[in-house]
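Visitor: I'm new to reading protein structures, and I'd like to see how the labels get decided. Could you walk me through this one?

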Amino acid sequence: MSLFIGLDIGTSAVKAIIVDAEDREQASAEASLSIDRPQPLWSEQHPDAWWTAATAVLDRLAADHPKLMSGVAALGLSGQMLGVALIDAAGRPIRPAPIWNDGRAAAECAELDATVADFADLAGARPMPGFSAPKILWLSRHEPDAIRRTRRILLTKDYVRLCLTGDAVSDLADASATLLMDTRAGVWSPRLAEACGITTDVLPALIESGTIGGVLRPELARRFGLRAHLPIAGGAGDNMAGAVGAGVVRPGDAFISLGTSGVYFVANDRFMPARGQGMHTHRHAVPGLFGQHGCVLSAASALTWIAGILGIASIERFLAEIEAADLSQAEIPVFSPYLGGERTPHDDPLASATLSNLRSAAGPLHIGRAVLEGVAFAMADCHDALTKAGAPIDTIALIGGGARSRFWGRIIATVIDRPLLLPPLAPLGPALGAARLARQASGGMLTGETDRGATLEPDAASRAGLQERRAIYRRHYAKMPSS
């Protein structure tokens with residue numbers, strides 16, 4: 001029996017799963033990660049923390065499932081996108097890596113926009129805070145010594161690949177989101193690199209997601225109980241790997257992901273550069289396809305945040321209580337989830353969250369419901385931006401940790417007035433997509449799932465109240481000084 005590992009280096013955790021050739025999960029392990037915020041707008045993780053967590057989950061699988069590990073045929077990688085790991089000549093990180101929700105580089109975005117007139121046409125999106133290119137320009141301006149010492153700039157999963165294999169390699173999909181690539185051509189752009197203060201020779205080699213991007217170091221193969229010369233697939237960023245895991249592999253397929261952030265991804269066989277509204281277009285992990293993205297910077301993390309504020313120990317129980325409560329529509333507050341700024345559709349790192357429309361009857365369940373609705377309103381903003389841009393949206397899957405709550409999913413379905421599919425393997429997330437890419441790199445099929453799962457239909461009874469609160473939500477942003 002051929003087995004495959006999907007290793008996903010997320011924002012809050014690293015997860016590894018072992019699946020068989022039919023996508024049946026055999027084992028899994030997880031290790032947590034934390035974010036450092038040393039200054040306002042900064043968001044960083046040290047690359048060594050990614051590697052420590054990755055080895056922890058592989059060590060756990062080796063200890064608990066040695067027979068499974070010995071049967072693994074290939075390993076695939078996924079990871080949070082847009083991180084900037086500066087690596088020196090000895091292969092060591094120079095500094096903590098600014099990650100996807102870092103907002104320090106707003107001025108550099110404006111500079112890149114002015115310097116490269118056709119930036120979006122070339123890269124697929126306008127420069128926005130959080131993306132790799134403006135963060136690299138920020139580092140060039142503010143930490144030039146670190147840039148001078150840099151021999152490689154790697155994305156999150158690709159630093160883990162370097163540790164696993166010794167090879168500096170990235171896949172075309174994840175790499176296209178750096179905004180350093182001629183996205184249509186699939187090659188690094190010397191013009192974009194130069195505008196950021198670097199040259200393309202510090203960037204990794206590029207391969208397709210479903211091809212082999214190195215083999216496991218012998219000492220690590222022995223440590224983890226894996227076969228010698230285990231192939232490591234190119235893999236993909238978590239959005240593209242999540243799409244593969246959800247079966248979003250044809251033009252018009254889409255997914256909404258409720259993870260730390262919220263992502264709305266639409267597969268397209270045309271390259272449609274995004275020129276506004278905080279949207280971005282990158283290459284898909286499936287050759288010949290592109291992905292049009294909208295991104296909400298705080299999704300499930302907003303629910304975690306409010307649960308912490310309210311002293312809620314179990315988010316699962318909290319969700320069940322909100323769903324069971326007979327809340328008056330008139331007493332539900334209005335929440336905007338801009339806890340770390342917002343990308344789609346506002347492109348505003350200074351946007352801040354609000355909780356308004358409060359009445360004396362409001363309690364923890366009312367506020368929890370408002371947070372669920374606020375994230376749904378933000379995802380609806382993404383839906384509107386994508387449809388206005390001409391994205392061909394046929395079917396929409398719901399994935400990510402938040403997809404475990406059908407109640408939350410039904411709120412989103414009602415706000416966007418579209419049914420949402422629940423792929424049965426969606427809870428496995430990007431790790432499943434990484435495992436499928438490992439299978440493809442070994443000569444197997446990319447996807448094998450035919451059951452589309454359950455469908456969440458819009459709820460007509462709650463539509464009017466949600467529309468009223470969404471109108472209030474949209475007025476609040478219009479009044480914000482930063483917008």
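**How the labels are earned**

Guide: Gly 409 is buried, and its relative accessible area is 0%. Keep in mind as we go that this is a predicted model.

Visitor: Why is Gly 409 called buried?

Guide: The label buried needs a relative accessible area under 20%. Gly 409 comes in at 0%, so it counts as buried. You'll find Gly 409 in helix H15, residues 406–416. Leaving aside residues up to four places away in sequence, Gly 409 touches Leu 398, Leu 420 and Leu 456.

Visitor: How far is Gly 409 from Asp 88?

Guide: Going C-alpha to C-alpha, 44 Å in space, with their positions 321 residues apart in sequence.

Visitor: What makes Ser 170 buried or exposed?

Guide: Same test: Ser 170 has a relative accessible area of 1%, and the cut-off for buried is under 20%, so Ser 170 is buried. Ser 170 sits in strand S9, residues 169–171. Its contacts, not counting residues up to four places away in sequence, include Leu 155, Lys 157, Asp 158 and Arg 161. Ala 175 and Pro 204 are also among them.

Visitor: Lys 157 is one of those contacts. How do you know whether Lys 157 is buried or exposed?

Guide: Lys 157 is listed among the buried residues of H7, along with Asp 158 and Arg 161. In fact, helix H7 (residues 156–165) is mostly covered, with 10 of its 10 residues buried.

Visitor: What follows H7?

Guide: Gly 166 does, and its phi is positive, near 85°.

Visitor: Which residues other than glycine have a positive phi?

Guide: Leu 41 is one of them, with phi near 75°. Another is Leu 82, at about 80°. Leu 41 lies in the loop between strand S3 (25–32) and strand S4 (44–45). Leu 82 lies in the loop between strand S5 (72–79) and strand S6 (85–87).

Visitor: Why is Leu 41 called partly exposed?

Guide: Partly exposed is the band between under 20% (buried) and over 50% (exposed). Leu 41 has a relative accessible area of 38%, so it lands in that band. Leu 82, at 4% relative accessibility, is under 20% and therefore buried.

Visitor: And what makes Ala 471 partly exposed?

Guide: Its relative accessible area is 32%, which is neither under 20% nor over 50%, so partly exposed is the label for Ala 471. Ala 471 belongs to helix H17, residues 460–479.

Visitor: How do you know that Ala 391 is buried?

Guide: Its relative accessible area is 10%, and that is under 20%, so Ala 391 is buried. Ala 391 is in the loop between helix H14 (364–388) and strand S22 (395–399). If you skip residues up to four places away in sequence, Ala 391 touches Val 266, Gln 292 and Leu 386.

Visitor: Where is there a cis peptide bond?

Guide: Between Thr 344 and Pro 345, where omega is about 5°. Pro 345 lies in the loop between strand S20 (334–336) and strand S21 (354–356).

Visitor: Let's turn to helices in pairs. What makes H3 and H5 roughly perpendicular?

Guide: Helix H3 (residues 106–115) and helix H5 (residues 132–142) pack at an angle of about 105°, with their axes 8 Å apart. Roughly perpendicular covers 65 to 115 degrees. The angle of about 105° falls in that range, so H3 and H5 are called roughly perpendicular.

Visitor: Which residues meet there?

Guide: From H3, Glu 108, Cys 109, Glu 111 and Leu 112. From H5, their partners include Ala 133, Pro 134, Leu 137 and Trp 138. The residues of this contact divide into six nonpolar, one polar and three charged.

Visitor: Now the whole protein. How many helices and strands are there?

Guide: The protein has 17 helices and 24 strands.

Visitor: Why is the protein called as compact as a globular protein of its length?

Guide: Its radius of gyration is 21 Å, and the globule rule gives 23 Å for 483 residues. Those values are close, so the protein is as compact as a globular protein of that length. Its C-alpha trace spans about 65 × 55 × 40 Å along the principal axes, and 61% of the 483 residues count as buried.

Conventions:
Residues are numbered from 1 along each chain as its sequence is written. This is a predicted model: local features need pLDDT of at least 70, side-chain atom pairs count only at pLDDT 80 or more; totals for chains, interfaces and linings use all residues. Side-chain values use heavy atoms; hydrogens and water are left out. Axes are lines fitted to C-alpha atoms, for helices over the stretch in contact, and angles run from 0 to 180 degrees between N-to-C directions. Helices (H or I, at least four residues) and strands (E, at least two) are DSSP runs, numbered from the N terminus. Angles under 35 degrees count as roughly parallel, over 145 as roughly antiparallel, 65 to 115 as roughly perpendicular and the rest as oblique. Contact means heavy atoms within 4.5 Å. Ala, Val, Leu, Ile, Met, Phe, Trp, Tyr, Cys and Pro count as nonpolar, Asp, Glu, Lys and Arg as charged, and the others, Gly among them, as polar. The radius of gyration is taken over C-alpha atoms; the globule rule is 2.2 Å times the number of residues to the power 0.38. Buried means under 20% relative accessible area, exposed over 50%, partly exposed in between (1.4 Å probe, protein chains only).
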